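Hi,

Here is the structure I said I would pass on. Have a look at it first, and my notes are underneath.

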Amino acid sequence: MSENQESKLYEPSAAAREGAHVSGMAAYQRLVDEAEADHAAYWARLAREFITWKQPFTQALDDANAPFFKWFQDGTLNASYNCLDRHIEAGKGDKTALIFEADGGEVTRTSYKELLARTCRIANGLKSLGVKKGDRVVIYISMSVDGVAAMQACARIGATHSVVFGGFSAQSLRDRIEDTGAVAVITADQQVRGGKHLPLKAIVDEALALGGCDSVKNVLVVRRTGAELPMTAGRDLWMHELTAQQADACEPEWVEAEHPLFLLYTSGSTGKPKGVQHSTGGYLLHAALTTKWTFDLKDDDIFWCTADIGWVTGHSYITYGPLALGGTEVVFEGVPTYPDAGRFWKMIQDHKVTIFYTAPTAIRSLIKAAEGNEAVHPRRYDLSSLRILGSVGEPINPAAWEWYHANIGGGRCPIVDTFWQTETGGHMITPLPGATPLVPGSCTLPFPGITAAIVDETGNDVPNGQGGILVVKKPWPSMIRTIWGDPERFKKSYYPPELKGYYLAGDGAIRDAHTGYFTITGRIDDVLNVSGHRMGTMEIESALVSCTELVAEAAVVGRPDDTTGEAICAFVVLKRPRPTGEEAKKIAAELRNWVGREIGPIAKPKDIRFGDNLPKTRSGKIMRRLLRSIAKGEAITQDTSTLENPAILDQLSETN
């Protein structure tokens with residue numbers, strides 16, 4: 001640990017340690033030692049403690065067909081029963097499950113009894129349409145109680161849900177519907193964000209019209225705004241009309257622990273999104289366990305995760321983890337800057353939020369807003385209810401950590417800086433608030449039972465203080481089971497033979513020479529992390545070159561960005577002379593909008609630079625290391641002698 005880091009070590013306060021589920025480093029170490037002594041028995045103990053099983057399992061881990069590991073496979077359960085029914089049976093039916101705040105500020109509270117009834121009506125509606133165990137249902141909806149209930153309803157009947165973020169384009173939605181072979185799509189007429197009504201059903205119609213989605217038999221539409229919509233007879237149904245005819249009770253479908261609970265698509269370096277497949281038992285265990293230990297969730301907490309259910313964070317820490325524990329949580333439809341940049345702080349004040357979990361991008365943008373406008377500075381709000389803060393999606397830089405700690409947490413709230421991925425199902429490396437001394441910018445130590453390590457390209461451990469490749473040496477229950485329909489890609493992506501059977505996280509990392517704390521240094525493949533959203537460079541390049549009238553060739557890299565963590569920088573060769581000045585700005589705007597339509601607004605390049613060609617070796621390989629340097633504004637110090645045309649480096653340095 002550097003002297004600078006050493007001076008900024010934050011020990012857990014007495015208040016944080018008192019009554020914590022994991023209190024003190026000795027308690028943390030006991031759990032680590034238990035897992036190390038008998039890995040499978042450790043997870044088996046927790047699975048029996050955290051999950052209600054219909055048929056108890058007899059074997060924790062089956063590793064006979066590695067890396068296709070199976071956990072608790074002869075046990076049966078239902079995720080929806082574990083999130084809803086068992087709390088009602090324990091006398092908590094009237095407890096608030098969800099506090100929903102709409103974009104316009106309207107607040108609705110939904111009890112566990114009410115959420116179960118809504119879930120059952122949707123489940124029965126799906127069953128009446130012939131949806132059954134093993135079928136896939138795509139959910140394309142904004143943040144809402146209906147979104148959570150739709151996911152729970154799929155789990156209740158054993159259908160595998162695949163939620164697609166409401167900001168994705170028709171083409172991206174079509175690709176995911178086709179890959180899953182979904183039999184139904186659940187959507188809404190529109191979504192409301194920042195005071196604007198944005199289409200959802202219209203995008204579903206466009207996606208289905210693109211072809212390749214013949215598996216879809218029904219589109220169920222939630223009425224959110226009451227917008228006038230064309231409805232295709234025999235296919236489209238209003239959700240409220242379908243569910244009005246259904247009973248409030250639906251017997252859970254008891255499924256095997258390895259039954260696919262959901263598919264969630266994440267970007268890959270090949271350009272084709274990967275359908276990450278998660279099991280029911282192992283995933284639910286880790287979602288519940290990490291919610292309890294990482295956030296130290298108690299019965300009287302008000303938990304708020306600001307993520308969208310279209311991302312894995314919303315799956316684990318909205319739809320499944322807190323509900324599996326019988327918690328109360330806030331679900332927010334809108335954006336942090338509407339009607340002003342004090343929205344988050346006002347909601348914490350109004351709902352008396354005790355645990356707040358958000359992304360560094362949001363924190364950085366709100367720092368900028370607060371520093372420019374005293375009226376929305378967090379000190380204008382009563383944030384005294386907070387006791388724990390969290391960070392997710394990307395590493396949080398130390399300056400933002402310090403601001404978050406001082407201005408939102410009042411210097412008293414531990415910050416759990418969580419590292420994990422869509423593929424891991426839950427936290428992998430994270431502080432535990434009642435145990436771990438904190439260092440700004442470090443995700444600290446592995447979650448108990450996770451054997452994270454840093455190795456070189458041949459799978460050998462590197463000494464602390466030396467950077468390398470982040471791996472996990474042993475399987476764990478919530479790990480990705482496969483890539484949907486592509487087991488070979490799963491093995492190639494996550495278990496390359498040179499890494500000795502370890503899980504490849506795809507990130508670089510370094511461990512502090514003194515503390516052993518982990519710091520994530522960034523992706524090792526061609527995947528960008530923009531505002532916590534992972535996107536493949538190939539995916540964006542493919543979108544650019546699909547603009548066939550304009551683009552001949554494109555290359556995409558990332559560069560550091562103060563607000564979004566990483567920004568997309570595109571280098572483009574047009575089918576016309578290289579534009580300059582106003583013409584270049586006009587074409588750059590056209591291409592940004594094109595990418596927004598093809599993939600979604602989050603994929604729009606921040607920088608677009610034009611050249612007569614791209615920097616290539618004489619063998620035709622694009623020299624991406626040079627492009628990364630140009631994107632960062634660095635002087636080119638690398639050897640350019642193998643470049644076919646060194647003169648274009650000056651062209652590509654011009655931004656538009």
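Below is what I found, going from the sheet to the helices and then to the charged pairs.

One thing up front: this is a predicted model, so please read everything here in that light.

**The seven-stranded sheet**

Let's start with the open sheet of 7 strands, which has mixed pairing and runs in the order β5-β4-β17-β16-β18-β19-β20. The edges are β5 (107-111) and β20 (415-417); each has a single partner strand, so one side of each is left without a neighbour in the sheet. On average, neighbouring strands here are turned by 20° against each other, if you ignore direction.

Inside that sheet, β4 (residues 96-101) and β17 (residues 328-332) run parallel and are joined by 4 bridges. If you want a spot to zoom in on, Glu 101 sits opposite Phe 332 of β17.

**A strand covered on both faces**

Now go to β21 (residues 452-455). In a regular strand, side chains alternate between the two faces of the sheet. What happens on the two faces of β21? Both are covered: Ala 452 and Ile 454 are buried on one side, and Ala 453 and Val 455 are buried on the other. The partner I looked at is β22 (residues 468-472), which runs antiparallel to β21 and is connected to it through 4 bridges. In that pairing, Ala 452 faces Val 472 of β22.

**Helix α9**

Helix α9 covers residues 201-209, and its buried residues are Lys 201, Ile 203, Val 204, Asp 205, Ala 207 and Leu 208. Note that a Lys and an Asp are on that list. The buried residues pack against a mix of helix and strands: α8 (170-180) on the helix side, and β6 (136-140), β8 (184-188), β10 (196-199), β11 (218-222) and β12 (236-238) on the strand side. After the helix comes Gly 211, with a positive phi near 95°.

**Two crossings at α11**

Helix α11 (281-294) is worth a look from two directions. Against α4 (residues 39-50), it packs at an angle of about 85°, and the axes are 10 Å apart. That makes α4 roughly perpendicular to α11. The α4 side brings Tyr 42, Trp 43, Leu 46, Ala 47 and Phe 50, and these meet Leu 285, His 286, Ala 288, Leu 289, Lys 292 and Trp 293 of α11. Sorted by class, this contact has 9 nonpolar residues, 1 polar and 1 charged.

With α12 (312-324), the axes come within 8 Å and cross at roughly 80°, so α11 is roughly perpendicular to α12 as well. From α11, Tyr 283, Leu 284, Ala 287, Ala 288, Thr 290 and Thr 291 take part, and they meet His 315, Ser 316, Tyr 317, Tyr 320, Gly 321, Pro 322 and Ala 324 in α12. This contact divides into 8 nonpolar and 5 polar residues, with no charged ones. Ala 288 turns up in the contact with α4 and again in the contact with α12.

**Ala 307**

Just ahead of α12 is the loop that starts after β16 (302-305), and Ala 307 is in it. Is Ala 307 buried or exposed? Its relative accessibility is 17%, so it counts as buried, given that the cut-off for buried is under 20%. Setting aside neighbours within four places in sequence, Ala 307 touches Met 143, Thr 313, Gly 314 and Ile 318.

**Salt bridges**

How many salt bridges does the structure hold? There are 36, and I picked out a few:

- Asp 299 with Lys 92: the closest N and O atoms are 3.1 Å apart. Asp 299 is in the loop between α11 and β16, while Lys 92 is in the loop between α5 (79-89) and β4, 207 residues away. Both count as partly exposed, Asp 299 at 46% relative accessibility and Lys 92 at 29%.
- Lys 132 with Asp 135: the closest N and O atoms are 3.4 Å apart. Asp 135 is buried, with a relative accessible area of 11%.
- Arg 624 with Glu 541: 2.9 Å, N to O. This pair links helix α19 (residues 624-632) to helix α17 (residues 537-545), 83 residues apart. Glu 541 counts as buried at 6% relative accessibility.

There is also a network in which salt bridges with shared partners join Arg 559, Asp 561, Lys 606, Asp 607 and Arg 609.

Cheers

Key
Residues are numbered from 1 along each chain as its sequence is written. This is a predicted model: local features need pLDDT of at least 70, side-chain atom pairs count only at pLDDT 80 or more; totals for chains, interfaces and linings use all residues. Side-chain values use heavy atoms; hydrogens and water are left out. Buried means under 20% relative accessible area, exposed over 50%, partly exposed in between (1.4 Å probe, protein chains only). Contact means heavy atoms within 4.5 Å. Two strands pair if DSSP finds at least two bridges between them. Axes are lines fitted to C-alpha atoms, for helices over the stretch in contact, and angles run from 0 to 180 degrees between N-to-C directions. A salt bridge is a side-chain nitrogen of Lys or Arg within 4 Å of a carboxyl oxygen of Asp or Glu. Angles under 35 degrees count as roughly parallel, over 145 as roughly antiparallel, 65 to 115 as roughly perpendicular and the rest as oblique. Ala, Val, Leu, Ile, Met, Phe, Trp, Tyr, Cys and Pro count as nonpolar, Asp, Glu, Lys and Arg as charged, and the others, Gly among them, as polar.
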